[in-house]
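Subject: Structure for your review

Dear colleague,

Please find below the structure that I am handing over to you. My notes on it follow directly after.

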Amino acid sequence: MFPAIRALRSRFPKSHLAMVVGQPYAPVLEMCSAVDEVIAVDRVAMRDGSKLVALRDILLLVRKVRSPRFDLVLDFHSFRETNLLSLCSAGRYRMGVQRFQAPYLSFCFNLPPVLEDKSRHVAETFLSLVQPLGALQNLDDYQLDFAAQDVAAGKRFCRTWGVSPGTILLGMNVGAGSPGRTWPPERFAELADLLSHEKNVTVVVFSGPGESHLARAVVDAMRTPPPILADELPLRSLAAAFSQCRVLLSNDTGPMHLAAAAGVPTLGLFSLSSPDHYRPLGPRSRHLRRTPIQDLTAEEVHAVLREMLRN
């Protein structure tokens with residue numbers, strides 16, 4: 001989404017640009033200098049918590065997006081609830097993405113939608129949403145804006161784990177949020193054993209919230225000395241740690257895109273979704289796809305990683 005956000009900032013340099021985002025991803029938007037305000041929404045609490053509290057929070061959110069009287073409201077993800085929030089904002093102009101074979105509440109908008117094209121990268125779809133506004137298109141403008149504190153956090157990560165100068169860190173993000181998109185831990189372990197023969201390469205195993213068991217399963221299945229185990233890091237710390245890696249391997253999940261945005265060549269492993277639409281960005285990033293994902297061998301992944309490490 002960063003290319004579209006920066007295109008908006010370039011087109012409207014004096015505007016106040018506010019982004020409404022799910023609470024877990026707010027730290028990522030805070031690492032984009034083009035954004036003036038991040039409005040974090042705890043969608044899980046609204047869905048699973050007290051209905052009265054959820055109703056209160058919804059009303060507070062509506063008031064928050066309505067009171068500034070935005071001139072322009074763009075719905076990038078276009079779910080039912082975001083369509084309705086766009087309408088409730090009372091923005092002067094409202095436009096959204098009409099997702100492929102998904103509900104779209106057209107009455108919430110007063111400008112024609114942009115149709116999602118699954119053959120194009122999702123970032124290109126987001127750029128298409130700002131194109132009618134005269135915004136310049138630059139798909140390469142996707143990287144995070146690392147502040148001094150983020151650079152320091154990356155260096156601190158290396159010091160904490162005793163990473164010596166000249167060490168090549170190769171990250172593995174082993175979670176995916178769903179079994180169908182998760183390369184098995186034993187495959188990651190096989191790959192880590194193969195990488196142990198690469199000169200100066202140290203493997204770092206990452207996992208997201210609630211997925212520490214996958215990272216530990218990888219470590220337990222390895223025959224070689226255990227790698228660095230960095231599980232359940234906060235998103236901003238995770239981005240800083242990713243930035244220290246020469247290459248990152250990831251299942252098809254959010255941290256895959258975070259690594260690419262951190263400027264790290266990323267190898268994405270796909271099964272259920274289309275790499276054309278969701279591949280990691282960057283000229284040196286790659287992807288592999290196999291359905292079911294369990295059929296993808298460690299040797300195949302190792303061959304691509306070796307090539308990426310050489311470049």
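Arg-286 is partly exposed, its relative accessible area being 33%; the class applies because this value falls between the limits of 20% for buried and 50% for exposed. Please note that the model is a predicted one. Arg-286 belongs to strand S11. Leaving out residues up to four places away in sequence, Arg-286 touches Thr-266, Leu-267, Gly-268, Pro-280, Val-304, Glu-307 and Met-308. Between the C-alpha atoms of Arg-286 and Asn-311 there is a separation of 12 Å, with the two positions 25 residues apart along the chain.

The sheet that contains S11

Strand S11 (286-289) is one of the two edge strands of an open sheet, the other being strand S8 (228-231), and each of them pairs on one side only. This sheet has 6 strands, ordered S8-S7-S6-S9-S10-S11, and its pairing is parallel. From one strand to the next, the twist averages 20 degrees. Within the sheet, strand S6 (residues 168-173) and strand S9 (residues 247-251) run parallel and are joined by 4 bridges. Leu-170 has Val-247 of S9 as its bridge partner.

The three-stranded sheet

A further open sheet consists of 3 strands in the order S3-S4-S5, again with parallel pairing. Its edge strands are S3 and strand S5 (114-115), each of which pairs on one side only. Between S3 and strand S4 (residues 93-98) there are 4 bridges in the parallel sense, and Leu-72 stands opposite Tyr-93 in S4. Helix H5 (residues 80-88) packs on this sheet and touches both S3 and S4; the direction of H5 makes about 175 degrees with that of S3.

Helix H1

Helix H1 (residues 2-11) is largely enclosed by the rest of the structure, because 8 of its 10 residues are buried. The buried residues of H1 are Phe-2, Pro-3, Ala-4, Ile-5, Arg-6, Ala-7, Leu-8 and Arg-9. Their cover includes strand S1 (18-22), helix H2 (26-29), strand S3 (72-75) and helix H6 (122-130).

Nonpolar cores

The largest nonpolar core has 46 residues, of which Ile-5, Leu-74, Phe-76, Val-130, Leu-144, Phe-206 and Phe-242 touch the most other members. With its neighbours within four places in sequence set aside, Phe-76 is in contact with Met-1, Ala-4, Leu-8, Met-19, Val-97, Phe-126, Leu-129 and Val-130. A second core, separate from this one, comprises 31 residues, among them Met-172, Val-201, Leu-214 and Val-247.

The chain as a whole

The secondary structure amounts to 13 helices and 11 strands. The chain is as compact as a globular protein of its length, because its radius of gyration of 21 Å is close to the 19 Å that the globule rule gives for 311 residues. Taken along the principal axes, the box filled by the C-alpha atoms is roughly 60 × 40 × 40 Å. Of the 311 residues, 47% count as buried. Among contacts between residues at least 6 apart in sequence, 55% join residues at least 24 apart. The chain exposes about 15600 Å², and carbon and sulfur atoms supply 54% of that area.

With kind regards

Conventions
Residues numbered from 1 in each chain as written. Predicted model: local features only at pLDDT ≥ 70, side-chain atom pairs only at ≥ 80, totals over all residues. Heavy atoms only, no water. Pairing = 2+ DSSP bridges. Axes fitted to C-alpha atoms, helices over the stretch in contact; angles between N-to-C directions. Core = buried A, V, L, I, M, F, W, Y, C linked by side-chain atoms within 4.5 Å. Buried < 20%, exposed > 50% of the residue type's maximum accessible area, 1.4 Å probe, protein only. Contact = heavy atoms within 4.5 Å. Rg over C-alpha atoms; globule rule 2.2 N^0.38 Å. Areas by Shrake-Rupley, 256 points an atom, 1.4 Å probe, with all protein chains shown as cover.
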